[in-house]
Structures are given as structure tokens and as C-alpha cells.
Amino acid sequence: MLKRLELVGFKSFADKTRFDFAPGVTGVVGPNGSGKSNVVDAVRWILGEQSPKSLRGGEMADVIFNGSSSRKSLGMAEVTVAFDNARRLLAVDADEVQLTRRVYRDGTGEYLINGQMSRLKDLKNIFLGSGAGAGGYTIIAQGRVDEMLQASTKDRRAIFDEAAGISRFKADKNETLRKLASVELNLTRSKDKLDALDGQLRTLRLQATKAQKYKEHSDRLRELRVGLGAREYRELTAALATEQGALAALKAEVSGATSEAEQLEHQAAQLDWQVTRGEEALRHHEARLAEARQQLAGFEASLKHDRAAAQNLGAELLKVGRQRADLGYRLKGLEADSVRAAAESAAAEGRLTDERGRADEVSDALAAVVARLADLERAQAEDLQQHMELVRQAASGRSTADATLAQVNRLQSEYTRRLAAREHRAAHRATLTHALDGLSQEDADVQARLAAAREQLDDLTAARDTLTEQLGEGQARLEGLRVEQGALRARMEVLEDLERSLEGFGTGVAAVWRRLEAEAADDYTPTELSAAVVGLVADLLTVPREVAPLVELALGDAAQRFVVRSPEAVDAVAAAVGELTGRVGFVPLSFSATHAGSADASGEHGGAGGGPSLAALVTCDRPHCAGLPAQLLGRVLMADTLADARWLVALHPGHRVVTRSGELLEPDGTLTVGPLRGEAGLVSRKSELRELREQFRATSELVAGAEVELADLRRRAEAAEGTIEAVEAEIALLSDEAGGLLQRIARQRQQVEHLDADIELIEADCRTLEQQVQEGEAAWSAARLAAEDAERAAAELESRLAEVKRALAAGAADRTAREQAHTAAQVALSRAAADRDRARERAAQLEADIRKRKIEALDLAAADRNARGRLADCTLAALRASAGQADAYGEKESRERLAAELSAKGAADRADRDRVRARLQQLRHGWQEKQAAAHARELAAHDLGARLAALGQRIREDYGIELAELAGGALRPAEGSSADISGTEDARADTTSSERIEPPLVGVNVLEAQAEIEDLKRKLARLGSVNMEALEELTRVEGEFNALQAQHSDLNAARQSLQQIIDAINGDSRKLFLDTLNAVRGYFQELFRKLFGGGQADIVLEDEADVLESGIEITARPPGKELRSLSLLSGGEKTLTAVALLLAIFRNKPSPFCILDEVDAALDEANTARLAGVLREFLDRSQFIVITHKKRTMAAADRLWGVTMQESGISRLLPMRFEDWNDEGGEAQAA
């Protein structure tokens, strides 16, 4: 229940105003424009209204009191409302709920719940489901009583949602839908991330395997290089220590000279500080001197001003004295005139007394005549009134009889029309029933077609899912091929880069190769060199990859030799090459029978020994070089083991034998063992590159085939999707058609139900009309007899009225004579009264003039005292200015003396500072020579430190290891050396790797270590580009993938949970809404008949299939009228219909209170009384606050509040009783 409402600065309520509301009906009355509707706006505003338009404003700051002709505007508006929450209708655990809302001019606002700062959302949540929110059905504003009827079906739905208590469910559902959309978005993102990470994992696993091998080789290479570097580091460190000792001695000599210089610099700095401090003090005293001079000038100006003011005040005192003397003379004259005027007034009063006595005598005689005439006229009036009443009764009886007869005839016509309407509706119902049967059959056909289409859609969807699965598998296969293709391309690019950079070539061979490339790129005629050289041996031979290391071993340096077209051209080629930086070999092409025979014999005998001739496994693609493999490898055999090799050497003297494990046996018995160089050799690199290109071509063909297959699968999937879309479109059309049929069937059924109700209502109306006809005939007979009796009584009174008329004529003549005498006496009396009044006015005027002159005298006396006081103030101010002037003179002289002293001291301090600086300059020239000697030593130490730093930098850049820490504390350079500085600058190098390195190698042969280093470099080169971060990245990505997969599962669970919540909300909301709708519908029909005295009304859903979103239609048919649009109802009918709907909602779900703003404006007196009676029936359910101008509504109120605007623009509150309200007074105030 609403207990009280407090307004401060809200619209026209400028002052704090409090409304106390009692249980029952509270009326708020007042003239138009007094601010009654502002009370409704205040309640709507405190309930959370955010639309300024709904509050009859342009912006929210318009609710703040904007001022009036006598009041300033305010900066804030505040409304506080208190509710009795003992029944816990509001969602707050307190017996009383107090809400406060404030708004300021800058647009900011505040909300408080029981004195605590809150949000607008918290305030609105309190009223959810109670019907008392800003958008609920508890407030019917002025002019908007029929808003529920004229609103759209969707807007009207919101009122029913509030009544059903599902508005809070809708808010929860909307919040859940927002969360569900967010979860769906996160699921999509999670799925995309999982797909991306899955492809990334496959690539990283391949890279991690390669990185592991690279790490093993790199660790061993680091161990060897760091061990050798540590030895060199110790030698350089010892030399550096010797130089640093000599440098330290020189620096000690320089340090002694430096200390004296520092003392002199300190003394100079101290003198600088003294000079600066003296200058600052001098500036301070000069500033104070300027202030003293300024004060002196100010005091002089003040003294001059005060003296001038004192002269002006003296003149003013003289002027006031003259005015006071003149006023005294005039006051004495006025007092004499006043005495004379009093005497004249007394004489006039005596004359007036005499005339009043004579006028009283004449008036008494006239009154006696008038009394006699009044008695006669009163008797005549009573007889006339009785005669008129009898005539009126006779006419009324005749009129009633005629009206009753007409009503009987109308009722008989209405009875006949109702019977015809019943027959018409019965025929219409039969037609609708037949049409309903046809629609039901058509709906069955559509449902069958819809089931077949859905079955077809399921088959097509299954086929599309199969294609989608195949498409995913093909995409995964294509991605794998692309990854493989990328790895092959990367390795090919590495090998091609090695070829382009001539990696592994000798310096001389590289120089000749570049020269041949340059000549090949030139457009001029080929030179002798390019014409004679066929190419490099490694380029001309085609070797299988598995035997490439063996061929590399057998050829040795011959792999880097150039093939010349003939033996005769070798000398010419050597001459054409010129000077070289390295050695170069040339192999002439030779096809002698000796080589060929040897090759044949080698092939024949080699097979018998368990291994073929190595030349038989090698080919040459150029026809004119076909014998090159035999020429170079014809005397090289291949064996499985070393024992087989020795047997072949014994069997074929002069042949070389290479085993599959990489052992080379020379004809003289020399045996070469050790690991093969493998991929680091030119022949191996060429073989691998050739094989990689073939693999890349084959992989590219597989990729192209997979892409074609994927394109075909996509085309088939798109075709299936198109078919599915067509079937879905057909299903949608059939669903729409089925829905349309269902709606038509529902409408037909509803029309049949309406027709049944109409027929039943018409039959009831016919019975009522038949009874009314019988009652009307009886009333006609009674009215006719009453009229005849009244006519006979009226004839008897006419004769008596004639006698009274003759007596009145004689009395009127006597009254005329008496009135003339009375008029003459009244004229004389008026003249005497006028003379008396003029004398009184003259005396009063004189008295007023005397009072005025006395007041002027008092004012002049006050002015004299004021002027004398100001004269004394000016004199005192002049004395103070003179004293201040003397003090300022003293301050100025003191500051001038101090400034002169500080200037002299500053000059002496500057002279001392100059002497110290001259001595410091002499000292600096002395130790510059010592610094030069120290610099020479420092350069020598720096050179050693640079070499040491270069060594450490090289190891640090390659492995992130500090040699000083590795070699031990004894090997660290002396503090301050360049090597130490270099190490400090690179302090961010990774020290994790150095912690795992063993101490420097001891007892290891340097040459063997160098050979192993070269072998490790070749192995690393064969690995190509390696992603060393792949191992850590693999661990990180796997962890991220697992975490993301867990999140994906959680999101799926959250989606299912949210969907279950939405389903539960929909189920509960549907049940609550249908229960509420059915209850309100019954109440609405009952209240409509009660308010209209009959008729029919109903509440209908637009779409019964969609209960939660369907709009709501209202139908109303007052008694005696056909069913028609709500917009065609009259204003009073709309009001009663809207009130019936509102009270039906209240009966089902009472709100704590209801505010009605002039809802009875369009009602006549009878309907107003009917409305008031219905409101009284609801007092056990709710509380009503009614703003009204109707007395019948006021009479039904338990308490009245009056709102008036006594001060323009300011509304005031007055407690009232019903007896205090005056329609005429209200209208006058309104005017």
C-alpha cells in the first residue's frame, strides 16, 4: 500500500510537499492547471520512468522547478515514496520500503532504496511482477484512459505480461538469451581455434623431431668449440694482466694530481655558492625596497582621498541642517489646518443625524405597505406554484404515457429485429461449420505433404553430412600433402642456396665457376675458356642417393674438377684461367680402349666378388660425356665388407675398392676409414637435390589431384545444399500454409463460438424485451389516469388566483406614493452623508501629511547622524595613513642601506673565486703529460682486451656462453678491462646453456677436434633450416590445445544448461499467462456487463500457436449495438471498457495501488456513480488514488486532498472535506 509521497522542487511543487494516503480511495481535487497531474508524474517518475515525453517534458531536467514571477528556479528535484510492505508484495525484506529519486540540472541523477544508494535496475526489479512498475497498469494518466484499447496488440501484451507476473521471467529469459548468444559465439571461436591448433600441432611435431637431431649435433659442436676457445682465452688473459699492472701504476700517479684538483674545484664551487647566495639576498632586499616605495605611494594617495572626503561630508551636514529647519515650518502649518478640518467634520455629522431621523420615519411607513403586498404576493406565488405543479404533473403524465407507448412500440420492433438476427446468425453458423470441415480436410492434406517433405529433407541432410565428412577428410589429406610439399620445398631451397653460394667449393674452383657463369650470361661470343670447359664433374654425373657418399669418397677432390672437351684443350684452358687464389683441377674427356676395357673387366670381375663396379651405378645425361663415369670410376669396385674388398684388390690389381660402410682400399693396400661426409659433399648434395625435385613433382601431382577431388566434393556438397534449401523452402511454404490453415480454422472456430454466444445472448435479450413490453403497457395506463386528475385540480386554482390579483393592484398604487416620499428623504440623507465624508477625508488627508512630514524629519536626523559618523571615519583613516607613511619611509631607508652592503660583499667573493680558478688551470696543465703516458698503456691493454673480447663475443654469439665463467675465476680479466666491459654489455646472453657445458677439453688433439667440428658442421648443413623453438612451442601448443578442448567441453555444457533454463522459463511463463488470460477474460466480461448494464466483451489471442509472443485483441459491444471497431466507441464507452479491463486485471492480480487521473472526465453522472461503486468493491484488494472534478467520485473517496495555486506557478496542498468543495469556486479558480 502507498503510504506517503514527498515532493521537493518537482515541477510546480517548489516547496517540500507531503501527501499521506489512507487505505481505500484517496481523492485529489483542484482547479485546472493547479498541478494535480504533476502528482501522477511524480509517482511515475519515482517508479523508474526514463522517457521525458511520458512526463510531458522535452528532457529529464524539465521536471525541476523552473521558477516563477516570485521564485527563482531550483537546481534539483527530489521525490520520495513510501510503501507498506508488511505483506511482502515488493521484493524487499522490510516492512516499509522507501524509494527516493533525485535529478540535477546537469542531467545526473541518484536512486536510493531505504536510504541506500542504488541503481535504476535495482529499483525496477523491486516492482517486477507486481504490476506497479512505470510501464505497468497501475497508473492511468490524464487523457490516456483508452490507451489500452487504442494500443497495438503487442503493446497491450506487455500489460498482460505484467499482470501474469511473467515480466520478470521475460527479463530473466532475455538475460539468458544474451548469455546463450555469448556462449554460441565463444563456441564458434573455440572451434576455430581448435581447428587451427590441430593443424599447427601436426606441423610442430615434424619440426620438433628435426630440431631434436639438430640439438644433439649442436651440443657436441658447442662443446668442441668452447673447449678450444678456452685454451686461447687463458693465453690472452695472462698477457692482458701484465699490461694492466703497468697501467695501474701510471693511474696512481695521475690520481695524486687529481685529488689536489678536486680540492681546488670544491673551493671554487663554495665561492660560487657564496656569490650566488649574496646575489639572491641582494635581489630580495631590492624587492622589499620596491614594496616599501609602493606602500609609501599608496599611503599618500589614501591620505589625499580621506581629506577630500572629509570636506564633502562637511558640506553635506550644512545642507541637511537647512532641510530640517524648512521642514519644521511646514509641519506647524499642517497642524493648524488639521484642527479646522476636525471642526467642519463635527458640524456635518450633526446635520446627517437630523436627516437620518426623517428618512427612518418614511421608511417605516413604506415597509408596512410592502409587507401587506408581500403577503398577497406570497399567497399568489404559492397558488401559482401549486397550479404550475399540477399543470406540470398533467403534462408529465401525458408525456410519460406517450413515451411509454413509444417505448413499448420500440421494444416490440427490437424484439422482431432480434428474432431476425437470431435466424441470420444460425444460418451463418451453418455456413461456417461447413467451411470448417473443408478447412480441416485441407489441413490434413497439407500435413501429409509436409511429413513427406520432412522425410526427404532428412535423407538429403544425411547425404550432405556424408559429403561434408568426406570433404573434411580430403581437406585433412590435402593439408598433409601441402605440409609435405612445404618441407620438400624448404629443403630444396636450402640446397639451392648452398649451390648458389658455392658452399663447399675451393676458392680457385669458385673463382673459375663465377667466371664461367659471367661469360655464360654475356651475350658476346664465347671465350676459349667457356668453349672448352664442359662443366663440373659433380654436375655431370647422375648418382643414386644411396651410393652418393661412396662415389663422393671414391672421387675425392675429382668431384670439384672441371671437365675439358679434349686433352689438347687442357693447356689452353689453364692459360685462359690466369692467376688464381686457390688450386683448380681439369679432367680431359678420354675414350681410350684401355679405360673401356678396364671398365668392362671391372664390371665383370666385380660382380663375382659380391659387389658391382661403381661406374656401373653412375650415369651421365650428356651423350658426348657418356664415358665420363667409366673414365673416373672405372677402376673402382664396390664390396660389402672389408674382407671382400681385400679379396677384390688381390683379384684385380690396380683397382680401388670401396665398401658400403665407407672404407676405401687403395691398390697399394692403403686403407682409409672413418665416417662418410654424406650430404655435405657436392655429389651427395646434387643427388639429394635431384631426388627432392622428383619427390616434389610427385607430391605436387598428388596435391593437384586432391584439390580436384576436393573441388568435386565441394560441388556435390553445394548441389546437395541447394537441394536441401529448396526442400526447406518447400517445407517453410507448407508450414506457412499449414499455419495459415490453422489460423483460419481457429478463426472459424472462434467465429462459431462467437455466433453461439451471440445466439444465446439474443435469446436472453428477446426474453428480456418481452417482459419489458408487458411492464411498459401497465406503466402507460397508470400515467394516463394521473394526468387527468392533475388537470381537474388546476382548474379550481385558477378562480382563486383572479381574486388575489385584484387585491395586489390596489396595494401597488399605495406603495408607489410611499416610495416617492422615501426617495426624497433618501436624497437629502445622501447629501448630508456626502458633506460629512468630504470633511472626514479633508481631516484624514491633513493627518497623513503631518505623519509624512514627521517621517521626513526622522530621515533627515538619521542622515545627519550618518554624515557625522562618516566624517569621524575619514578623520581616523587620515591619521592611520599618516602613521603608515612614516613607517614606510623608515623601511625604505633600511633596505637601501642593506643593499649597498651586500653589493660590496659580492664583489669581494667574486675576486676570490677568480684567483682559485687560475690556480686550478695551472694544475691541469701539469698532469696532462702523465695522462698521455697512461693512455698509451691503456691502448696496449685495450688491444689485448679487444682480442679477448672478440674471442668471447664469438663464443657468446654462437652459444651464449661466457668463457670467463667457464675457464674459472683465475681466467677472468682484470676489473675495468675492455674484455670485461664487452662481457658486461652482453650480459643478456643465455647462461642456461653454459651451465651444462663440461670444463675445457684437456688432452684432446687440436687437429682432431677441428676435423670433428667440420664433420658436425656438414651434418648440421644437411638438416637444413631448423625451428629450434619447435620443442618448446610443441609443449606450449599441446597444453593450449588441451586447455582449449576442456573449455570447449565446458561451453557445450553451459549451452545445454542455458537452453534448459530457457525451456523451463518458457514452460512456466506459458502456464502463468494462459491461467491469467482465462481469469482476466472472465472477469472482464462480468465487469463489462455490470458497468454497461449488459452487452458483450472478450479478450482474444492473435496467434494461439505462439502464446508467449502473440498480440492481444479486445472486442466490446455495448448493449443494443452491433459488434464494431473499438475506435468507433464513444468517449464514455471507451472509458468504461478500459476501466472494466483494468479492474479485471486488478481482480486477478491486485497491484499495491492504482492511480486514476481524471478517468471519469468523459462519463455522465450515472456512469460516474456506477464507476465509483465498482471502485468501492475493490477496496479489499487494492488502494486507489483518484484525481477528479466529479462530485460523485469525490463522495466515494475516503480522504480528499486539495491542490491549489494561490501563488502563481507554485502548487500548494490543502486537506479537504467533501462539504468544502464548491463547483462554482473551483470554476472561478480555474478561470
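**Long helical spans.** I began with residues 689–856 in this predicted model, and found that the end C-alpha atoms of residues 689–856 lie 127 Å apart, the span being 100% helix and 0% strand. I then looked up residues 436–470, where the chain is likewise 100% helix and 0% strand, and where the end C-alpha atoms are 51 Å apart. Both spans carry the annotation "coiled-coil region" in an unreviewed UniProt entry, which also gives that annotation to residues 233–302 and 1006–1047; I note this as coming from the record.

**Helices H18 and H19.** Next I looked at how helix H18 (residues 1030–1092) packs with helix H19 (residues 1131–1148), and noted an angle of about 140 degrees, with the axes 8 Å apart. Angles over 145 degrees would count as roughly antiparallel, and H18 and H19 are therefore recorded as oblique to each other. The crossing in which H18 passes H19 is right-handed. On the H18 side of the contact I listed residues including Ala1079, Val1080, Tyr1083, Phe1084, Leu1087, Phe1088 and Leu1091, while the residues they meet in H19 include Leu1136, Val1139, Ala1140, Leu1143, Ala1144 and Ile1145. Glu1086 of H18 is also among the contacting residues, as are Glu1133 and Arg1147 of H19.

**Aromatic pairs.** I counted 9 aromatic pairs. One of them joins Phe19 and Trp1201, whose rings are 6.0 Å centre to centre with 70 degrees between the planes, an edge-to-face arrangement. I checked where the two partners sit in the chain: Phe19 belongs to strand E2 (residues 17–20) and Trp1201 to strand E22 (residues 1199–1207), so that the pair links distant parts of the chain, 1182 residues apart. I then asked whether these two side chains are buried or exposed. Phe19 counts as buried, at 0% relative accessibility, and Trp1201 is buried too, with a relative accessible area of 6%. The pair does not stand alone, for ring pairs link Phe13, Phe19, Phe21 and Trp1201 into a cluster.

**Helix H9.** Last, I went to helix H9 (residues 548–555) and asked how many of its residues are buried. The answer is 7 of the 8, so H9 is largely enclosed by the rest of the structure. The buried residues are Ala548, Pro549, Leu550, Val551, Glu552, Ala554 and Leu555, and I noted that Glu552 appears in this list beside Leu550, Val551 and Leu555. Just after H9 comes Gly556, for which I wrote down a positive phi of about 65 degrees.

Definitions and conventions. Residues are numbered from 1 along each chain as its sequence is written. This is a predicted model: local features need pLDDT of at least 70, side-chain atom pairs count only at pLDDT 80 or more; totals for chains, interfaces and linings use all residues. Side-chain values use heavy atoms; hydrogens and water are left out. UniProt positions are given in the numbering used here, feature names are shortened, and annotations may be inferred rather than shown by experiment. Helices (H or I, at least four residues) and strands (E, at least two) are DSSP runs, numbered from the N terminus. Rings of Phe, Tyr and Trp (its six-membered ring) pair if their centres lie within 6.5 Å; planes under 30 degrees apart count as stacked, over 60 as edge-to-face and the rest as tilted. Buried means under 20% relative accessible area, exposed over 50%, partly exposed in between (1.4 Å probe, protein chains only). Axes are lines fitted to C-alpha atoms, for helices over the stretch in contact, and angles run from 0 to 180 degrees between N-to-C directions. Angles under 35 degrees count as roughly parallel, over 145 as roughly antiparallel, 65 to 115 as roughly perpendicular and the rest as oblique. A crossing is left-handed if the near helix is turned anticlockwise from the far one by less than a right angle, and right-handed if clockwise. Contact means heavy atoms within 4.5 Å.
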